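Trainee: I have a structure to learn today. Can we go through it by question and answer?

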Amino acid sequence: MTTSPEAQNGIRYDLRMVASWIPEGASVLGLGCGDGVLMHYLKTHKHAVCTGIDIDEASVASCITKGVTVLQGDINEEVKDYPDNAFDYVILAQTLQQIYDPAPLIREMLRVGRKSVVSFPNFSHWRVRLMLLLTGHAPVTPQLPYQWHDTPNIRVITLADFRRYARQVGFRILKEVAIHTDRQVKSGRVVTFWPDLFATYGLYLIAKKTL
Amino acid sequence: MSEYIQHDQQGASVGLVEKQTFTFAQPPTAMPLACGSPLGPITIAFETCGRLNAARDNAILILHALSGDAHVAGVHAPSDEKPGWWDFMVGPGKGIDTDRYFVICSNILGSCMGSTGPASIDPATGRPYGLTFPVVTIGDMVEAQKALIDHLGIQRLHAVIGGSVGGMQALEWCVRYPTKVESAILLATTTRHSALAIAFNEVARQSIMADPNWNGGDYYGGPKPDMGLAVARMIGHITYLSDASMRLKFGRRLQDKADFSFNFDADFQVESYLRYQGRKFVERFDANAFLYITKAADYFDLERHHGNGSAVAAFAKARARMLVVSFTSDWLYPTYQSRVMVKAMKKNGLDVSFCEIEAQWGHDAFLIPSPRLSGIMKGFLDDDHIP
């Protein structure tokens, strides 16, 4: 069950899902944008005005080569240069689990963007739970394919954790979609039944608390 | 910038190009300079490759660095041993694609490669200007380029592109003529020299002025300050390389000998290399032009002249889409200086891309063929998705 209208296009399912939340012509900042596939998609399909930030030279070069505006640098630092509400949307796609200190970054995202999109692999998926329970080893799954000693993913997050984190940090969750898709797979589906257990990824649309 | 001129590996070339000149600012309508003196007539040497389209909107202006010239790509005659200084970057299908763009490169004002400079004849006296030539600035160079662009009937440039001192000119274009520049590529450059960069330039200038043949700049027709200019070039070369590139290129290897000679000949390869570069340079470059151009580079201060000391205020005037590129081993214009301009551009809401390329070649990296550099420049220039 592929629900997104962009289903036939060749980008990852989770990125397509993120793209479906971005309105036509929006201004977008993509943090940890990698080789710019989502930025390029938003630019060409949504006529969005996109800027990406990534720390890796090869990824940055790949963005520029495909015509995506991008800055090489540390997202935690680069985001500070923008004025309040400089963007309609700030996207942190599958990068939260690699952030050392997430709260200041999320606050900056909410400051420079009117809305933000955060997605991450769900650590409470049944396969993760079962692996730890039955084998005693740190879980290695298609979504989290690393060993404990070589993973770039220094934070393990569950859907429930993120909801609680929203209350603690003080931001609103405007939309939550749980999906089932593999890491590099272009198909997927929305998980409505027991998402905490059956979703491989969580996608959140968040915003500042209104006073 | 150094000389790494080499033919394209694939053999693609713009082919034959022709050196042209444009003369303007005939007195009494001499061009006013930043220093207050008027200058005229002014001749600017330039070359073009590719074809200007009917809409006249595919022109790219390439700005050369300190010791460069208008001969950016191709050859002047089929028998030429070496092509232009950026032949690997400019040509059909290359980073700056001459199948798409009309490329213009002009020799800077104050130089000695065909444009008016201190070695030119002052029509008022019939003798070379020497030190009576007014001190020119990066802004003056841009004014002369603007006169050339107007002469060619180009209202708006698709891009201005420059490395090092050429990048300074590109930056100046962006803030001086924001409506005439659609995009800019700024390579290994800075909005203002550090004390380190000024210091090296000053040592180079002192070397020229300490040569007895320099004679207060009045040496035309007599022996030239070749030793002073050669040493100045040697100093420059050290700053264009890096510890890593010199270690790889020379190490402590000896030149054509097995042991030290116990005299002051060139024992080490690095000594021999620098002496060779110095000798080669004096054959083609004028010592006074070197003084004037290094001074212009030292005076360049985008923050001071366009932003009251603030980079953010300086870039408030700019409108162009920007690509800023620095190189990891460049210690003359290090990455932090590129980040200063990128930050100021961001704060002004400009469309800016920035990439720091891992390279061991030091400041000269933009003159070394690199698929990465060519790739990003092509991607940036050929971007057809702007709404």
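Mentor: Yes. Keep in mind that this is a predicted model. We start with a helix pair: α3(B) passes α4(B) in a right-handed crossing.

Trainee: Are α3(B) and α4(B) roughly parallel or antiparallel to each other?

Mentor: Take the angle. Helix α3 (residues 195-209) and helix α4 (residues 226-240) of chain B pack at about 165°, with their axes 7 Å apart. Angles over 145 degrees count as roughly antiparallel. So α3(B) and α4(B) are roughly antiparallel.

Trainee: How many charged residues are in the contact of α3(B) with α4(B)?

Mentor: Look at who takes part. α3(B) gives F200(B), V203(B), A204(B), S207(B) and I208(B), while residues of α4(B) including L229(B), V231(B) and I235(B) face them in the contact. By class there are 8 nonpolar and 4 polar residues, and the charged count is no residues.

Trainee: Which helix gives the largest share of the largest nonpolar core?

Mentor: This core has 168 residues. Those that touch the most other members are I64(A), I60(B), V103(B), V160(B) and A184(B). The largest share, 8 residues, comes from residues 287-299 of chain B, helix α7.

Trainee: Which residues does I60(B) contact, leaving aside its neighbours within four places in sequence?

Mentor: I60(B) is one of the core residues that touch the most other members. Its contacts beyond those neighbours are I96(B), Y101(B), V103(B), L157(B), H158(B), A159(B) and I161(B).

Trainee: Is A188(B) buried or exposed?

Mentor: A188(B) sits in the loop between β12 (183-187) and α3 of chain B. Its phi is positive, about 45°, although it is not a glycine. Now count neighbours: 20 or more within 10 Å makes a residue buried. A188(B) has 31 C-beta neighbours inside 10 Å, so it counts as buried.

Trainee: And D256(B), buried or exposed?

Mentor: D256(B) is in the loop between α5 (243-249) and α6 (269-284) of chain B. Its phi is also positive, near 50°. The cut-off for exposed is 12 or fewer neighbours. D256(B) has 8 C-beta neighbours inside 10 Å, so it counts as exposed.

Trainee: What kind of peptide bond joins G40(B) and P41(B)?

Mentor: P41(B) lies in the loop between β3 (38-39) and β4 (42-49) of chain B. Most peptide bonds are trans. Here omega is about -5°, and the bond from G40(B) to P41(B) is cis.

Trainee: How many residues does chain A give to the contact with chain B?

Mentor: Chain B gives 20 residues. Its elements with two or more are α10 (335-347), β14 (352-357) and α11 (371-381). Chain A gives 16 residues.

Terms used:
Residues numbered from 1 in each chain as written. Chains lettered and ligands numbered in written order. Predicted model: local features only at pLDDT ≥ 70, side-chain atom pairs only at ≥ 80, totals over all residues. Contact = placed C-beta atoms within 7 Å. Helix = DSSP H or I, 4+ residues; strand = E, 2+ residues; numbered from the N terminus. Axes fitted to C-alpha atoms, helices over the stretch in contact; angles between N-to-C directions. Parallel < 35°, antiparallel > 145°, perpendicular 65-115°, else oblique. Left-handed = near helix turned anticlockwise from the far one by under 90°. Nonpolar A, V, L, I, M, F, W, Y, C, P; charged D, E, K, R; others polar. Core = buried A, V, L, I, M, F, W, Y, C linked by C-beta atoms within 7 Å.
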